[in-house]
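Hi,

Here is the structure I promised to pass on. Have a look first; my notes follow.

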Amino acid sequence: MLNQNTSTLITLTTDFGYKDPFVGMIKGVILKINPNAGIVDITHDVSPHNIREAALTIGMSYNFFPPKTVHIVVVDPGVGSSRRPILVITDHHYFIGPDNGVFSLIYKSQSETLGVVHITSEHYFMPQKGPTFHGRDIFAPAAAWLTRGVEITKFGDYITDHVTLPFPTVSTPTKTTIEGEVVYIDRFGNAITNIKAEDLNTLYNTNPEGKLKIVSKGKHTELKNYYSEVADKGLYSLVNSAGYLELFVYRGNAAAVFDIKIGDIVGVMLTG
Amino acid sequence: MLNQNTSTLITLTTDFGYKDPFVGMIKGVILKINPNAGIVDITHDVSPHNIREAALTIGMSYNFFPPKTVHIVVVDPGVGSSRRPILVITDHHYFIGPDNGVFSLIYKSQSETLGVVHITSEHYFMPQKGPTFHGRDIFAPAAAWLTRGVEITKFGDYITDHVTLPFPTVSTPTKTTIEGEVVYIDRFGNAITNIKAEDLNTLYNTNPEGKLKIVSKGKHTELKNYYSEVADKGLYSLVNSAGYLELFVYRGNAAAVFDIKIGDIVGVMLTG
Amino acid sequence: MLNQNTSTLITLTTDFGYKDPFVGMIKGVILKINPNAGIVDITHDVSPHNIREAALTIGMSYNFFPPKTVHIVVVDPGVGSSRRPILVITDHHYFIGPDNGVFSLIYKSQSETLGVVHITSEHYFMPQKGPTFHGRDIFAPAAAWLTRGVEITKFGDYITDHVTLPFPTVSTPTKTTIEGEVVYIDRFGNAITNIKAEDLNTLYNTNPEGKLKIVSKGKHTELKNYYSEVADKGLYSLVNSAGYLELFVYRGNAAAVFDIKIGDIVGVMLTG
């Protein structure tokens, strides 16, 4: 974990939107410190103040980036208060942002060893640091200095009491059923659940002759392999590109048409 | 056509929007394979599943990029089905995406010789390739490998039966009239037609003393050179920066005010 | 001021939005001329034709970028008319865009010496320059050539009659009051005023025992240091990260809830 070296690649995930110049300021600050940094936007359209959505967004994405990428996440309603700025170090990635739970899904990832540093060295902050824009004044400069090779230990001390938000888990009320819920709805209206391909496989393995039925809001849906496998406008499900069960309408908006919302319960039944 | 060399520049045109992390994932995949790739967004806000709009978008844009740029287009409702991933090679540009017609206007460009390769070499795919996100699992890695110098012939075999979508053409019902239609409406509400400056010139040359009248929805509009040439809020037309006839309202939204829609007929008459 | 050297960094601030391919074209043109240019988007979502909003956006942002950055601003309803394309040179930054007032707040910055060049050398334009898209045909190529080291004097002659838009100023009707107004509303609904921290300090210094009261639309608000200092959903104020007085609702949208609009008067009173 502490065998440090960084790439010069920095990603950004924020709730700053695309209209205001805040993201531009962050990029300017990074490039002032490290002109060789490469910056990639993951999104700036996390719903305002939605820490949970930010946690899902970075949790789904970080692993597609090169080793040693530095991921900045700024969804930070508590900015200026006592909530700490942190640097999270895993085997293959760095994360910088507020200690408010945005990295909860990183902490839960079982494949990564973990270190969390409370960033306190004002030396690596913007000189005119204020209490309302730590994305620009603390996180961006810390990330830029990290990509220039500043040692992790220089940023502050390790902590172990970082904040983890509870995320809904999948349950198995009976041997032949799984219960999960919708955790994210994408731009196409696809409703992504927290039920993994592995969960489905475990269920299926109890009776390989059985058939999986997906139930949401009293509606039974059939499990497909890809979207265009169906032609009608009914509700169907598939295992999506992230390995999660997803409800969809072919060339339609499942969430809008079937009034699916985050938190809706989704059941899976193995029928003889 | 086959005198291969690529720049390290890759453009992206998708319907993934700006909220979900899908575009970020694509960029991560590219940079993992080629850290020196430069990535430019053309747009990620193509209307969901609108292949025709994507074809117009890339058709309008590609030529402004440096020679040997690799253009990825992902508007792909048939992902996972038998529709093929393809690499299109022209004299000056490369294109990678689904064989669903998104490259129709490239095929029609008369200034470019053309080769189309069915991408089949799984060697250049993401290892965990799934059936629902070929933008990330096939197109992005193929583009990244191409910018690293992998030979075109390594990706698969040439085909000639690629899909071309029909696009509305301009007709000349009489010697003194042209009939076209609105094909795109931009953010300012300008309504872009498929009638070219050359079409207007041909008409005009039949009687250089004549005057061009543009007619849309029963309204006559005058041809201007630039937007601020008019002061009132009427409907006017000009030849736009892409060389096409366009209907506009100065500092106003022509499509909204005059209820102009894609597919609306636009006529041009030469009057003595 | 004339001690020229440029970075290869170019920023973009436009009203072109994120759907149309216009911004992509601009980037293609820049990279064709200077493949080593780095391009950063400040925003493309300035309200269409809103010169004043563009002036505020670039005025708030430019200083966070590295010295010698070239800032392109394209909000240009008068494109094609006699309004001039200009290059603005200050001690630390370059600006390229239309002479319609978008650089008003740069001109007002007292810390920078200033030169303004009327860009006339068609040599550095796009060959097929048209009258409706100077962002692509004039500003982008001029910026790209500038980052390649073309001398300022090659672009045209210095002028002194460039356009400056009037911006609302802060007044002090009495010794114990300041009057300003809301000039920008950000995506979170925070209402940013034109009243600076220095203005507040000046007032405060007249009676350090006094208390500052912020009044907007008949409502008194208390001055806080950061957003999460309050827990309720009332209207509060703070000095924001740009050094301006700002009205906010914690984790809420002040503009929407309290119907605050650009131009609304905001008063500050020092009470014994």
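**The interface of chain B and chain A**

Putting chain B and chain A together buries about 2700 Å², with carbon and sulfur atoms giving 60% of that area. Bear in mind that this is a predicted model.

Chain B brings 32 residues to the contact, and chain A brings 34. The rule finds 2 salt bridges across this interface. One of them pairs D45(B) with R187(A), whose closest N and O atoms are 2.6 Å apart. Polar contacts between chain B and chain A come to 16 residue pairs, counting residues at pLDDT 80 or more.

Which element gives the most to the side of chain B that touches chain A? Helix α1 of chain B, residues 22-33, with 8 residues. By class, that side has 15 nonpolar, 10 polar and 7 charged residues.

**Symmetry**

Chain B superposes on chain C by a rotation of 120° with 0.0 Å of shift along the axis, at an RMSD of 0.0 Å. That is the relation of a three-fold axis. In chain B, Y18(B) has the C-alpha nearest the axis, at 5.1 Å.

Chain B also lies on chain A after a turn of 120° and a shift of 0.0 Å along the axis, with an RMSD of 0.0 Å. Of the contact residues of chain B, 12% recur in chain A; the copies use different surfaces. For chain C, only 12% of the interface residues of chain B are also interface residues there, so the copies meet through different surfaces.

**Domains**

The domain assignment splits chain A into domain 1 (9-159) and domain 2 (171-271). Their C-alpha centres lie 33 Å apart.

Best wishes

Key
Residues are numbered from 1 along each chain as its sequence is written. Chains are lettered from A and ligands numbered from 1 in the order in which they are written. This is a predicted model: local features need pLDDT of at least 70, side-chain atom pairs count only at pLDDT 80 or more; totals for chains, interfaces and linings use all residues. Side-chain values use heavy atoms; hydrogens and water are left out. Copies are superposed by least squares on the C-alpha atoms of residues with pLDDT of at least 70 in both. Contact means heavy atoms within 4.5 Å. Domain bounds come from an automatic or database domain assignment. Buried area is the accessible area (1.4 Å probe) that two parts lose on being put together, summed over both. A salt bridge is a side-chain nitrogen of Lys or Arg within 4 Å of a carboxyl oxygen of Asp or Glu. A polar contact is a pair of N or O atoms within 3.5 Å; within protein, one must be able to donate a hydrogen and the other to accept it, and residues adjacent in sequence count only if both atoms are side-chain atoms. Helices (H or I, at least four residues) and strands (E, at least two) are DSSP runs, numbered from the N terminus. Ala, Val, Leu, Ile, Met, Phe, Trp, Tyr, Cys and Pro count as nonpolar, Asp, Glu, Lys and Arg as charged, and the others, Gly among them, as polar.
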